[in-house]
Amino acid sequence: MWSGRTDASIIDFGRNPLEHLSPAGRRLAGAVTFALAVTAGTAATTATALAEPRAVTAAASEQGAELFALGVDEMLYSSGANGFVTAALTADGTDLTFRWRRSADGAATPLTWPRDQGGSPLADSGSDRVAVQTGRTAYRILDMAGGAPVDIDTSSVGPSADLWQLAGDTLALVRWGGSMRDSLHLVSKPAGTVVHRQVRGLPADADILRVETSPAGVLVVRYEGTVGGTKGRRLAVVDLAGAQVVEDRAVPGFYPNSGIAVSATHLAWSVADSEGNVTLVTARRGTTESTRHTTFRVNGDYAPVSLLGDWAVYEGSRRDLSAVSLKDGTTVTGLLGKAGELSGAGDGLLAQGTTAERGAGVYRIGLGADGRPAPTLLATEGARTPVTVADQQVPATAGFATAGSKAVLRWRLGRGDVVVSLQLTHKATGKTWAGGSQRLLGADTEAVFSWDGTFSNGTAAHNGAYTWKLVVSPLNGFGGRVERTGTLTVASGSAPHDYSDTGTPTLLVRDVTGHLSSYDVRQFVAKPTGEWERTERGGGWNVYDRLLSTGNIDATPYADVVARDRSGVLWLYSGKGRSFAAPVRIGGGWNTYDLLTGPGNLGGAAVGDLLARDRDGVLWLYLGKGDGTFAPRTRVGGDWGAYDRIVNIGDVDRDGRADLIAESGTEDYALLTVYKGTGDWKAPFRTGTALSTGAPYAYGVRPAIF
């Protein structure tokens with residue numbers, strides 16, 4: 001049970017940052033930032049009115065048998081006589097929700113309160129009451145059995161007090177005095193009148209570290225203070241009826257991260273030696289003697305301890321729940337594996353863990369017919385029904401030629417509490433897109449994956465056939481693993497500068513050794529400082545003094561390349577999608593030309609245009625008239641002489657407008673700049689955007705792009 005707030009401005013972490021937390025607090029703190037849910041001032045939403053108890057789940061007859069299922073992320077937090085409080089992460093993992101679960105059938109009641117007031121719900125182990133904080137000095141006790149709630153004002157204790165325990169109808173608050181928790185206060189409201197009692201019998205220098213309740217009508221308090229002239233770690237038993245200490249004992253060697261427990265007859269705690277060995281200790285109340293039981297190692301972790309009749313129940317080295325008899329020392333091991341929270345529940349205990357026979361869930365630990373502790377499963381963790389796929393919606397084809405295009409793949413499952421993953425694979429190349437994994441909790445049973453037409457490294461997806469594979473796995477291990485497979489065809493069409501069969505422009509690069517490679521323009525526009533994928537296209541290209549990406553100029557649907565050798569012969573490399581056909585001789589005499597390039601449609605008409613750069617670095621646009629001639633030139637802008645190469649790359653951002661990529665730099669340093677088309681012939685390009693500095697395609701000497 002929760003024994004104090006986690007507000008860092010209040011708790012003194014000088015000794016052990018976990019020693020003030022309950023078992024539930026320690027378990028949850030390891031998995032989430034617990035302050036999101038319980039620290040004052042961190043609430044992201046407006047405080048809502050505190051809800052009355054209201055069951056929201058089906059009755060036992062609808063859920064089947066006496067067992068019920070918890071959500072996968074629902075953890076036992078604290079417990080009462082006939083139910084328990086659970087905490088669960090919200091779907092986005094940023095907050096916690098709390099519920100009261102009725103043990104008989106699992107009926108769930110949300111526990112809500114103004115989160116900006118801090119606190120967390122505290123259950124009374126001897127009844128069905130739960131306390132929540134509604135103001136800095138205001139609390140409400142909810143009767144989960146159906147009684148009227150009770151609001152209690154604790155301002156008489158002072159604003160520096162915090163609720164540490166609920167004992168029946170009584171709030172146990174610890175007040176801060178300077179740097180110490182110096183006093184324990186009991187506040188209740190019998191017959192409509194607030195009664196405030198300060199516990200008597202603790203020394204003046206007491207620093208209270210932990211408080212636990214017991215159905216026996218007493219509290220056990222761990223504190224540090226001076227008794228009989230000696231200062232040390234001590235345990236005190238407080239009588240609730242009299243609000244005073246009735247027993248007090250020194251506990252030398254106390255393990256700071258140990259639980260404490262009290263019953264009508266015994267006390268229990270743990271001690272540690274200098275080598276980290278932890279030993280369970282019990283003592284009969286009213287005596288000075290103590291008994292040491294089993295020794296184990298917990299490596300600094302929390303060591304839960306509780307009392308059940310004449311047995312001490314504890315967690316050992318491997319988070320296994322075991323028990324030892326206080327009469328004859330008999331040990332019962334393996335009650336639960338992977339045990340979590342352990343708390344009182346009426347005349348028994350509740351614990352979260354697993355057994356080989358019944359699996360994971362919340363178990364009641366009670367005394368069996370033979371008088372020995374035994375676990376009984378109350379609630380399983382997550383759905384136990386088979387994992388099934390009820391429906392799927394997967395498109396037969398998908399295209400990504402325009403900006404924002406998506407392929408949406410959707411599956412509806414027969415249950416939640418599963419993790420779903422999806423992978424698409426291009427049959428021809430084996431390249432993949434992994435859609436990540438989705439956790440579907442509770443009633444959330446629809447998995448939706450949206451694919452933007454890129455592979456996992458950001459390169460554009462090739463046209464052609466793909467296989468997809470869906471894997472659905474139950475989070476709690478029950479229900480079986482399901483796989484579904486199918487096919488999908490990508491048809492993004494072709495593009496004027498597409499040499500990868502993706503419908504996306506490709507930048508061709510020749511280095512000084514004559515080696516040709518290519519880069520996916522969509523990848524390096526999206527990730528200008530990323531690690532770009534380089535596609536090898538072979539050597540021997542240094543026999544040509546000019547290379548030009550021409551777009552599609554032959555009968556195939558793919559973009560082609562023309563190359564001029566040093567004797568002036570022009571050669572055609574016909575595109576085959578992701579490669580080139582063998583070169584075909586076009587003709588000779590082409591060494592009379594230096595450069596002229598067609599960037600496509602820049603002016604917005606349905607015909608191609610021309611760009612030309614003069615010796616002064618001015619760029620000119622010649623709008624095509626559609627009859628093979630061009631309109632008078634229009635000045636685009638100056639300072640284009642700074643670029644060594646200007647490539648009519650095609651449509652890099654898939655907005656339907658032709659763009660340019662320009663290269664500048666020194667011999668061993670390259671800068672690529674993209675100029676995106678506007679569609680307006682008067683101002684055809686936007687301001688340039690640098691794609692890279694020290695381009696990753698360079699080999700020490702800057703290559704040529706085309």
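The backbone oxygen of Gly-493 lies 3.0 Å from a polar atom of the Asn-463 side chain. This distance is taken from a predicted model. Asn-463 itself belongs to the loop that links β35 (446–451) to β36 (464–474). With a relative accessible area of 11%, Asn-463 is buried, because residues under 20% are classed in that way. Apart from neighbours within four places in sequence, Asn-463 is in contact with His-426, with Val-490, Ala-491, Ser-492 and Gly-493, and with Asp-501, Thr-502 and Gly-503.

A second loop position, Asp-554, is found between β41 (544–551) and β42 (560–565). Is Asp-554 buried or partly exposed? Its relative accessibility is 23%, so Asp-554 counts as partly exposed. When residues up to four places away in sequence are not counted, Asp-554 touches Asp-560, Leu-572 and Ser-574. The C-alpha atoms of Asp-554 and Tyr-573 are separated by 9.9 Å, and the two residues are 19 residues apart along the chain.

The two loop residues are set out below.

| Residue | Loop between | Relative accessible area |
|---|---|---|
| Asn-463 | β35 (446–451) and β36 (464–474) | 11%, buried |
| Asp-554 | β41 (544–551) and β42 (560–565) | 23%, partly exposed |

Confidence in the model is as follows. The protein chain has a mean pLDDT of 82, with 83% of its residues reaching 70 or more. Over residues 1–65, pLDDT stays under 50, and the model has 163 contacts beyond four places in sequence for this stretch. Residues 693–701 also have a pLDDT below 50, with 24 contacts in the model beyond near neighbours in sequence. Where pLDDT is low, predicted coordinates should not be read in detail.

Key. Residues numbered from 1 in each chain as written. Predicted model: local features only at pLDDT ≥ 70, side-chain atom pairs only at ≥ 80, totals over all residues. Heavy atoms only, no water. Helix = DSSP H or I, 4+ residues; strand = E, 2+ residues; numbered from the N terminus. Buried < 20%, exposed > 50% of the residue type's maximum accessible area, 1.4 Å probe, protein only. Polar contact = N/O pair within 3.5 Å; in protein donor to acceptor, adjacent residues only side chain to side chain. Contact = heavy atoms within 4.5 Å. pLDDT = per-residue confidence, 0-100.
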